Amino acid sequence: MPYNLVVLVKQVPDTKRITGEAMRDDGTVNRSALPAVFNPEDLNALEAALRLRESCGGRVTVLTMGPPQAAEVLRAALERGADEAVLLTDRRAAASDTLATSYILSCAVRRVGQTEPVDMVLCGRQAIDGDTAQVPPQTAEKLGWPQVTYVEAIEAVDGGRLRARRNTGEGVERLECPLPCLITVTDQGPEPRPASAKRIMATKKCRAPAEVETDLRAEMPEADAEARAAQARRRTDALAARGRLIPQWNLDDIGADLAWCGRDGSPTKVKRIQSVVLAATGFKRVEPTEEGVAGMVHELIEDHTIG
Ligand SMILES: Cc1cc2nc3c(=O)[nH]c(=O)nc-3n(C[C@H](O)[C@H](O)[C@H](O)COP(=O)(O)OP(=O)(O)OC[C@H]3O[C@@H](n4cnc5c(N)ncnc54)[C@H](O)[C@@H]3O)c2cc1C
């Protein structure tokens, strides 16, 4: 039986390549100083979806919410075999916390489902920048769907039910849940396939309308807004005619209530940002015995590290 699958992917700064310019003086992340990458566990989620489509048939739609340049992860997903990619971009979504992000993503999933009901949403377990792992569970709540987090393997999808193996940290759990559902996939999930050379050639010229506008701002710095808009229309029409236009939605397209989006829809208030530098000055070996551990705990309480 074919399945309609949606994979949520996020473009993130490469936290493995942090340089001195990565943080601004005010403690916020200087995203432009860090190369952007595909959130690693989202590649495992994409691979799980592609394998399910290969064994059962169906369709894989990849969805990201972000600025125009986030379309890069959509091209990377198309290169690996996704059928469709959608860029969700809107200035009114800026400053969204995880609650607003998950509301917006749930509206987008509903919009995908207008054409054909969605059977499963697959996400990475956690994004390496925000690092909360809150977005997928909140998205499932908003969709009113069951969720299975920390999935290592999809064992079967059959008779309207998913059978999956999840890692509890202390072992594994095998469970079943009805479709539609949302799952989060860990880096222990299926190994992501490399991009195919044929697909790279087919995809490299795909662009979202917001990227076309960014390109034109650089190419026609002197032109007025009307001239740029006319050129943008010509370029997007040409891309669409060749099947190279990445669909793009804004908050109106997905029927989102603006009160739940962006700063207005974000109850999280950042009171203070602190830059914590952990300076390792040496190490102490603790014997793996009752006495060794008791001694360590005693020391940590004495110097107020814990307690
Ligand atoms: C007060 C506040 C203001 C913020 N303002 C901004 C801001 O202005 N700009 C900004 O970029 N961030 C902002 N953030 C961060 C933003 O909330 C998070 O980046 C976002 O909600 C995702 O959370 P996370 O990174 O912890 O994802 P996690 O919950 O760890 O992500 C898990 C999985 O959810 C899916 N997912 C998460 N985010 C997306 C996405 N955007 N698109 C598709 N799938 C996704 C992916 O599958 C991912 O692997 C703000 C956060 C707070 C608290």
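The following conversation goes through a predicted model, from the whole chain to its sheet, one helix, the ligand and some unusual backbone angles.

Visitor: What kind of model is this, and how are residues numbered?
Guide: This is a predicted model, in which local features need pLDDT of at least 70 and side-chain atom pairs count only at pLDDT 80 or more, while totals for chains, interfaces and linings use all residues. Residues are numbered from 1 along each chain as its sequence is written, and side-chain values use heavy atoms, with hydrogens and water left out.

Visitor: How many helices and strands are in the chain?
Guide: The chain has 8 helices and 11 strands. Helices (H or I, at least four residues) and strands (E, at least two) are DSSP runs, numbered from the N terminus.

Visitor: And what share of the residues is buried?
Guide: Of the 307 residues, 40% count as buried. Buried means under 20% relative accessible area, exposed means over 50%, and partly exposed lies in between (1.4 Å probe, protein chains only).

Visitor: What about contacts between residues far apart in the chain?
Guide: Among contacts with a separation of 6 or more, 69% are between residues 24 or more positions apart. A contact means heavy atoms within 4.5 Å.

Visitor: Moving to the sheet, in what order do the strands lie?
Guide: The open sheet has 9 strands in the order E9-E8-E7-E10-E6-E1-E4-E5-E11, with mixed pairing. Its edge strands are E9 (172-178) and E11 (248-249), each of which pairs on one side only. Two strands pair if DSSP finds at least two bridges between them.

Visitor: Which residue of E6 stands opposite Leu5?
Guide: Leu5 stands opposite Met120 in E6. E1 and E6 pair in the parallel sense over 4 bridges.

Visitor: What does Leu5 partner in E4?
Guide: The bridge partner of Leu5 in E4 is Val60. E1 and E4 (residues 58-65) run parallel and are joined by 6 bridges.

Visitor: Following Met120 instead, which residue is its bridge partner in E10?
Guide: Cys181 is the bridge partner of Met120 in E10. The strands E6 and E10 pair in the parallel sense over 5 bridges.

Visitor: Is E6 covered on one face or both?
Guide: Both faces of E6 are covered: Met120, Leu122 and Gly124 are buried on one side, and Val121 and Cys123 are buried on the other.

Visitor: Which strands does H3 lie across?
Guide: H3 lies across E1, E4, E5, E6 and E11, and runs at about 150 degrees to E4. Helix H2 (residues 71-80) lies across E4 and E5 (84-88), running at about 170 degrees to E5. For these angles, axes are lines fitted to C-alpha atoms, for helices over the stretch in contact, and angles run from 0 to 180 degrees between N-to-C directions.

Visitor: Which residues of H4 are buried?
Guide: In H4 (residues 135-143), the buried residues are Val135, Pro136, Gln138, Thr139, Ala140 and Leu143. They pack against E1 (3-8), H3 (98-115), E6 (120-124), E7 (147-158) and E10 (181-185). After H4 comes Gly144, with a positive phi near 75 degrees.

Visitor: Changing topic, which residues come nearest to the ligand?
Guide: Of the 30 residues around the ligand, Leu8, Lys10, Asp42, Thr132 and Ala133 come nearest. A residue is near a molecule or strand if one of its heavy atoms lies within 4 Å of it. E4, H3, E6 and H4 each supply at least two residues of the shell around the ligand.

Visitor: Which side chain has an N or O atom 2.9 Å from a ligand oxygen atom?
Guide: That side chain belongs to Thr101. A backbone N or O atom of Ala95 lies 2.8 Å from a ligand oxygen atom, and a polar backbone atom of Gln134 is 3.0 Å from a ligand oxygen atom.

Visitor: How much of the ligand does the protein bury?
Guide: The ligand taken alone exposes 950 Å², and the protein buries 79% of that. Accessible areas come from the Shrake-Rupley method with a 1.4 Å probe; for residues, only the protein chains shown count as cover.

Visitor: Where is Ala133, and what is its phi?
Guide: Ala133 is in the loop between E6 and H4, and its phi is positive, near 60 degrees. Most residues other than glycine have a negative phi, and most peptide bonds are trans.

Visitor: Which residues does a cis peptide bond join?
Guide: A cis peptide bond joins Leu179 and Pro180, with omega about -5 degrees. Pro180 is in the loop between E9 and E10.

Notes
A polar contact is a pair of N or O atoms within 3.5 Å; within protein, one must be able to donate a hydrogen and the other to accept it, and residues adjacent in sequence count only if both atoms are side-chain atoms.
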